[in-house]
Amino acid sequence: MPTLHAPEERLRKFKYRGKDVSMRRQRRIAVSLELRKAKKDEQALKRRNIANFSTDPASEQPTKGVSLTLQEIINGVNTSDPDLCFQATQAARKMLSQEKNPPLKLIVEAGLIPRLVEFLKLSPHPCLQFEAAWALTNIASGTSEQTQAVVEGGAIQPLVELLSSPHMTVCEQAVWALGNIAGDGSEFRDIVISSNAIPHLLALVSSTIPITFLRNITWTLSNLCRNKNPYPCKTAVKQMLPVLSHLLQHQDSEVLSDTCWALSYLTDGCNERIGQVVNTGVLPRLVQLMSSSELNVLTPSLRTIGNIVTGTDYQTQMAIDAGMLNVLPQLLMHPKSSIQKEAAWALSNVAAGPCQHIQRLIACGMLPPLVALLKNGEFKVQKEAVWTVANFTTGGTIDQLIHLVHSGVLEPLVNLLTIQDTKIVIIILDVISFILQAAEKLSEKENLCLLIEEIGGIDKIEALQLHENPQVALTALNIIENHFCEGEESGAILPALDQDNEFLNRLTKKHQGPTTSKQRTKP
Amino acid sequence: MIYCGSMAMELSDANLQTLTEYLKKTLDPDPAIRRPAEKFLESVEGNQNYPLLLLTLLEKSQDNVIKVCASVTFKNYIKRNWRIVEDEPNKICEADRVAIKANIVHLMLSSPEQIQKQLSDAISIIGREDFPQKWPDLLTEMVNRFQSGDFHVINGVLRTAHSLFKRYRHEFKSNELWTEIKLVLDAFALPLTNLFKATIELCSTHANDASALRILFSSLILISKLFYSLNFQDLPEFFEDNMETWMNNFHTLLTLDNKLLQTDDEEEAGLLELLKSQICDNAALYAQKYDEEFQLYLPRFVTAIWNLLVTTGQEVKYDLLVSNAIQFLASVCERPHYKNLFEDQNTLTSICEKVIVPNMEFRAADEEAFEDNSEEYIRRDLEGSDIDTRRRAACDLVRGLCKFFEGPVTGIFSGYVNSMLQEYAKNPSVNWKHKDAAIYLVTSLASKAQTQKHGITQANELVNLTEFFVNHILPDLKSANVNEFPVLKADGIKYIMIFRNQVPKEHLLVSIPLLINHLQAESIVVHTYAAHALERLFTMRGPNNATLFTAAEIAPFVEILLTNLFKALTLPGSSENEYIMKAIMRSFSLLQEAIIPYIPTLISQLTQKLLAVSKNPSKPHFNHYMFEAICLSIRITCKANPAAVVNFEEALFLVFTEILQNDVQEFIPYVFQVMSLLLETHKNDIPSSYMALFPHLLQPVLWERTGNIPALVRLLQAFLERGSNTIASAAADKIPGLLGVFQKLIASKANDHQGFYLLNSIIEHMPPESVDQYRKQIFILLFQRLQNSKTTKFIKSFLVFINLYCIKYGALALQEIFDGIQPKMFGMVLEKIIIPEIQKVSGNVEKKICAVGITKLLTECPPMMDTEYTKLWTPLLQSLIGLFELPEDDTIPDEEHFIDIEDTPGYQTAFSQLAFAGKKEHDPVGQMVNNPKIHLAQSLHKLSTACPGRVPSMVSTSLNAEALQYLQGYLQAASVTLL
């Protein structure tokens, strides 16, 4: 005998156009192509050092009055006199540090890089090492070709060696330069990793260093976690995770921000990678940081949690247990629409889980803000909210579905049928069709049809029958034909009759489930 | 490998000459000349160079007709052959493909417009297949032409680009699509932007040159359309960076007017209107999807669009522009963060006064439709197919504004309504349109939600609907002359109709005789609305789900109601008016016995109508309601006096015979249903008149039409129920024919359930000896179908059938017939079908049949107790308890998800089931078993007394705990124990 929980089980078997839960979840990974401008609130890939930041004696060399032409610089670096080399390098560094239009291209074309790399190795001259590292940092902050020039100049190995320099400023500048190189993409990142930079970086974290230095290290670590195709190797990740988990306890918001970004990159992948992060026990702290008042902490911590709930049901369960659903409602109502969008995205993936997760989602009061977003959110937010509803609908139990309809989700959903986005339109049509089928089983279809008509749904669905996209047109047609054609007649005529036709007619009719005493919702 | 259909045709003058001759012949009106020429061209189109010959002709032929003909032939050739279908030969050889792609853009651009259009179409067909991968030069080639400065060429490029890119507006996001868009953006966005700027500059340099302006504006329209396509999927980086350029220019264009571009035509939209309309769409797209980035520009667009509305006239040519523009405002004013743009009292007032009120006016075009095209008018006005009209847009704007400003907007409009009503009062015959607008305004202001079934379901509480009804609607309807101011009468009736749930019942009651009176109005709209309003009022529900109006309340008007309804069918233009026929049906249904005195007249009028429309059935709804009305007459009359059925047969059979003889396909299913109803009304044996028909019902040709099947099965069931003995004695030779029908139905996935209906009736009603010789064959047929194509629906029907058989013939008979087909078959059926699938059976009666049947198998079938089948005894009991206690299993296997919609029952395009011809639910085990659970307990008890000790041990050893608990409950309820 099958168990008594059978109906839920059956509902779960309903196909969302042939997609199962895991497919619904991995949307972000699937289409990575963007037409849009890169997002403004993402973390910087590369940074130029434009201000002197240190009071280390090594940098307090006479610097005033040195302003050389490019040719003089070229000549200077090519002498064997360390002082001249220093002056020329410093002049070059200054040019590269000017706020507007630094002549990166000129310096690269002038062929200075090989010499600058040579200078990195001159440990008797820390000041020169420092200036060279700085100059290289700024060159590496440029275009991919410019970063490539630095790498091809052989800078990585000497920079890694500088990580053990006794002079903190030199060391710090090397960290920065390596960060820029690693930030260019997977290829250079992996060269930095295979040059054994990670153990040195980690060693620096454990020592007592100024906060600005720690920030730099954290940022460089985040770049070592960044980028896919391929991801950083698992050994490297395993090396970095304990330190990242430690840094996550820090109080400084920049350190926290970059640590969270690092974790967000590590979780932006397959379930195994997510598991690596989740197992370090960072979830409670991440959830805590989602309430941060600092946008630069909130954004990446939310992104990380969002990534984690694309994982397995178990991983999602861990995030829920850590309390993510308690924080989400306030994020759904955040004044910034980009936060609303990320929160709704995370929610959509929780809704893609088993009905127990959906139950938690309801219990945490997620539906009212969700409906509010569907109504008044910006389109990019509405889009995520629609996905949430779609996942909820296909994965929820009948009772949860009733709850959803009662929360007033249909009216904003129907209004969105006029949106200029074919995918969203078809999803909404599917949701409506699914809810109608569920209502049919509860003998509530007539009321639901009336509700949909009241909120202007029939007009909109009818109009979609003429949509240019054949799939949209067909789905709309099917909804009208199956649910709204002469639908009112059966209700209006039949009461004068005995309820049904001959007994065998009922053979093929849908099961009339236990009728709930549900009231029709007024929007 | 390159595949070529056959040999190459030389690009020679001789071939060109031949081709010209054949092309000429394809234009010949005489099919004897035309057809062979077409055939010939088809036969050579697989040859290499054929398309190039066509291109040469369309470029170089001396004869213009041949040029155009060649271009059309070329386009059709491309349409048929360009796509390479997997597993099919490539129909155009590679060299031709390359040559076509290399030349077509140039050719298109240098051709006159007529040919350009054909080639442009051909390019987009090719582009759909080859662009971008297999046609990498296309974009650059097009973009280079922008430099030409020749706007004839530029417009050709733009048109082609539009036909290539417009699919971005409706295709689903995919990596492939977005890669293409990215490529297009990289190559096209900047040149398009530069062209846009240059074109606008040229517009000001040529501000006084009408013909130049017309060309430039055509370009601007196309550019704006391209903008829409390129920005549809997402906001591209390029357009975000260049938003200022585009939006500032769009804004300027919206506010631009140039006398030279104004057209005299009142109907057809001019260039200026088309451009502005597209710009409204572009702005709406940005406002809807890219709000964050567009926010800065939006207020200016709101102002510009609103000014545009204020200055645009009432002519039809502006309709699309105006409705687009209003829809833009409607979508913006609902957004919380733009509320401030509208909240100023002066702004609101001026929107109401200058945008909404003028667009609600009843225009000359509306008046024309009202009088000359009433059907269309009714459809738009009543059924809401007015999506693109100005009135509808204005109405949407009112609703949008009411979201935040209900109070102020209601206040402003109240003033307008009053002044319009005053205008009307001053001189009704001149100013009646003011009242029309006032009623429309009140309606759109008051209605917040509406359904066909209930009318308005949520109303604006600030509008006093009853007061308006009493003061302004009733007086019009009370006026003695039903033909005066027909538009206002229609407005008034519609008001009653849609606000029927807001206006108190006593007022509605007052309006009923007025509505009945208006059934006589000459205007089609007015008497149609009156009929529709009555029909809607009669369906309203009061407390306890009874109709709001009782038959007693309507009784005083019965005679005049029925008279006027049937008289209305004689008014010009309304002889097959579905609203009137529906009102007739509804009146019968409400009035019930009260119509009996009038039945003789009514039925004779209905049969006359039936006879008349059966000559040429054209209004399906009208016909359907007519048959419903006939059924109602029969039911109502025969309920009180069953003997009266004979009178109906007398009145109807003549017409029915004619319908059957003339094979009026639309009506035959209806006729069978009415006949079923009549036959079932007979209490005694089947009349001979019906028996004469019986052999004809088995004719295969009738069963060919799927629309007939449900009605025919229903009728045959009625025959079996009433006349099984007569059939067995007097028509035994027809039994094979009957089974032949069953065999045919069972073979079809769509109709197998109908086959089972028939089979079940045969088993239930026919004397066993009359079907004895066929029984085995029936089972074999069912098994064949199970083996060949098993569906859930079939299994459900099969389960009900075998259990019914078990009840009727006994459990042992069932076991024997299975094992008689093949040894041990019975065990297989139990194990593979009954036990695993029984949970899928749906319907209370069906479940009961199965429960009783399985109980019999468990308790009245000796082989179940002492053969190898015994091991299935407990699993069978467990599945029976599951049938009682578990939710129904309504899962459908994956492979059945996509069975065509036509294959599923309940959806029969050609079959129209008559609700009033339905019959009572029939329970074949009704008297025998009342409570199947108790029945199971009692039967088990009886079994256990026959073989003490065995039943408890079988039950306790392998029934699961949950099921056992349920079983003990049944035993307790039945007060029996197992021995």
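Phe165(B) touches Phe131(B), Leu139(B), Val184(B), Phe188(B), Leu226(B), Ser229(B) and Leu230(B), leaving out residues up to four places away in sequence. Keep in mind as you look around that this is a predicted model. Phe165(B) also belongs to a bigger picture: the largest nonpolar core has 351 residues, and those with the most contacts inside it are Phe165(B), Phe188(B) and Trp873(B). Helix 20 of chain B gives the most to this core, with 16 residues. Apart from this core lies another one, of 157 residues, and among them are Ile193(A), Val277(A), Leu367(A) and Cys449(A).

**A helix wrapped by others**

Val277(A) is a good place to continue, as it is one of the buried residues of helix 17 of chain A. Is this helix largely enclosed or not? Helix 17 spans residues 271-278, and 6 of its 8 residues are buried, so the rest of the structure largely encloses it. Besides Val277(A), the buried residues are Arg273(A), Ile274(A), Gly275(A), Gln276(A) and Val278(A). And what covers them? The cover includes helix 15 (234-247), helix 16 (253-267), helix 18 (283-289), helix 19 (295-308) and helix 20 (313-321) of chain A.

**A threonine in a loop**

Now move along chain A to Thr418(A), which sits in the loop between helix 27 (410-415) and helix 28 (422-441). Is Thr418(A) buried, partly exposed or exposed? Its relative accessibility is 40%; buried would need a value under 20% and exposed one over 50%, so Thr418(A) counts as partly exposed. The side chain of Thr418(A) reaches the backbone oxygen of Asn415(A) at 3.0 Å. Setting aside neighbours within four places in sequence, Thr418(A) is in contact with Lys460(A) of its chain and with Gln288(B) of chain B. Thr418(A) and Leu464(A) are 46 residues apart in sequence, yet their C-alpha atoms are 8.7 Å apart in space.

**Charged pairs**

Side chains of opposite charge can pair when their charged atoms come close. A search over all chains of the whole structure finds 56 salt bridges. Here are some from chain B.

| Salt bridge | N to O distance |
|---|---|
| Glu141(B) and Arg145(B) | 3.6 Å |
| Arg392(B) and Asp396(B) | 3.9 Å |
| Asp733(B) and Lys734(B) | 3.3 Å |

Glu141(B) and Arg145(B) both lie in helix 7 (residues 138-145) of chain B, 4 residues apart, which is about one turn of the helix. Glu141(B) is buried, with a relative accessible area of 18%, while Arg145(B) is partly exposed at 22%.

How far apart in helix 20 of chain B are Arg392(B) and Asp396(B)? They are 4 residues apart in this helix (residues 390-426), so about one helical turn separates them. Arg392(B) counts as buried at 16% relative accessibility, and Asp396(B) as partly exposed at 23%.

In the pair of Asp733(B) and Lys734(B), Asp733(B) is exposed, with a relative accessible area of 55%, whereas Lys734(B) is partly exposed at 26%. Salt bridges can also link up: Arg128(B), Arg167(B), Glu171(B) and Glu180(B) form a network of them.

**A span named in a record**

Finally, an unreviewed UniProt entry lists residues 37-110 of chain B as "domain: Importin N-terminal". In the model, this span is 73% helix and 0% strand, and its end C-alpha atoms lie 29 Å apart.

How values were computed: Residues are numbered from 1 along each chain as its sequence is written. Chains are lettered from A and ligands numbered from 1 in the order in which they are written. This is a predicted model: local features need pLDDT of at least 70, side-chain atom pairs count only at pLDDT 80 or more; totals for chains, interfaces and linings use all residues. Side-chain values use heavy atoms; hydrogens and water are left out. Buried means under 20% relative accessible area, exposed over 50%, partly exposed in between (1.4 Å probe, protein chains only). Helices (H or I, at least four residues) and strands (E, at least two) are DSSP runs, numbered from the N terminus. Contact means heavy atoms within 4.5 Å. UniProt positions are given in the numbering used here, feature names are shortened, and annotations may be inferred rather than shown by experiment. A polar contact is a pair of N or O atoms within 3.5 Å; within protein, one must be able to donate a hydrogen and the other to accept it, and residues adjacent in sequence count only if both atoms are side-chain atoms. A salt bridge is a side-chain nitrogen of Lys or Arg within 4 Å of a carboxyl oxygen of Asp or Glu. A nonpolar core is a set of buried Ala, Val, Leu, Ile, Met, Phe, Trp, Tyr and Cys residues joined through side-chain atoms within 4.5 Å.
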